[in-house]
Amino acid sequence: MKIVSKQRNSRMCIICGMDNEYGVRAPFYNMEDGSVMSLFRYRLQHQSYPGRVHGGLITAMLDEMGLRSLWAKEQSEETFGVTLSLDTKYRKPVPYETDLIGKGIIIRENSKFMVTDARIMDMDGNVLASGTIKYVKMPTEQIADNCDAHEEMPYLIEDGRKEL
């Protein structure tokens, strides 16, 4: 599928933070169908049982994909949100040190709330985990004290990727 543009990465987020030594450092792409996608890999530091990623980090990636689906739809990183609920389904073990695909898309939305579908897949497209996430849309100044979204999301690292 064709990539329309690339989203910014933050400093310290466990999923997208480029300055977080334990983070996943996942890139995110706005796709032609209005979804967001990522090509990423968990590392050994993200394990639960040997060979498997910790469920909390799987859910964290689904949550990240869900919010970023709003940015993909709007083609803007100005609107933020707070997670109200997240229903995760663990379908198969998620391995670390293996390329994975993430995808998120809005399935319902109004001016204050949105519901998204997010999934983590292997390179063959098999769904390993999925989630339905509900958010309330909020400006960053209502979410965190002294948070400047532009200062926290400084990295736009172009990689030349055109398709996923």
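This report describes the nonpolar cores, one helix and one buried serine of a predicted model.

Local features rest on pLDDT of at least 70 and side-chain atom pairs on pLDDT 80 or more, while totals for chains, interfaces and linings use all residues. Residues are numbered from 1 along each chain as its sequence is written, and side-chain values use heavy atoms, leaving out hydrogens and water.

The largest nonpolar core (buried Ala, Val, Leu, Ile, Met, Phe, Trp, Tyr and Cys residues joined through side-chain atoms within 4.5 Å) holds 30 residues, and among its members Phe28, Phe40, Tyr42, Ile58, Met61 and Ile120 touch the most others. Buried here means under 20% relative accessible area, with a 1.4 Å probe and protein chains only. The table lists the elements, taken as DSSP runs (helices H or I of at least four residues, strands E of at least two, numbered from the N terminus), that each give two or more residues to this core.

| Element | Residues |
|---|---|
| strand E3 | 36-40 |
| helix H1 | 55-74 |
| strand E5 | 100-109 |
| strand E6 | 113-121 |
| strand E7 | 127-138 |

H1 provides the largest share of this core, nine residues, and 14 of the 20 residues in H1 are buried. A second, separate core has seven residues, including Ile3, Met31, Leu39 and Met121.

Ser35 lies in the loop between strand E2 (29-31) and E3, and Ser35 is buried because its relative accessible area is 0%. The side chains of Ser35 and Asp33 are joined by a polar contact of 2.6 Å, where a polar contact is a pair of N or O atoms within 3.5 Å, one able to donate a hydrogen and the other to accept it within protein, and residues adjacent in sequence count only if both atoms are side-chain atoms.

Key
Buried means under 20% relative accessible area, exposed over 50%, partly exposed in between (1.4 Å probe, protein chains only).
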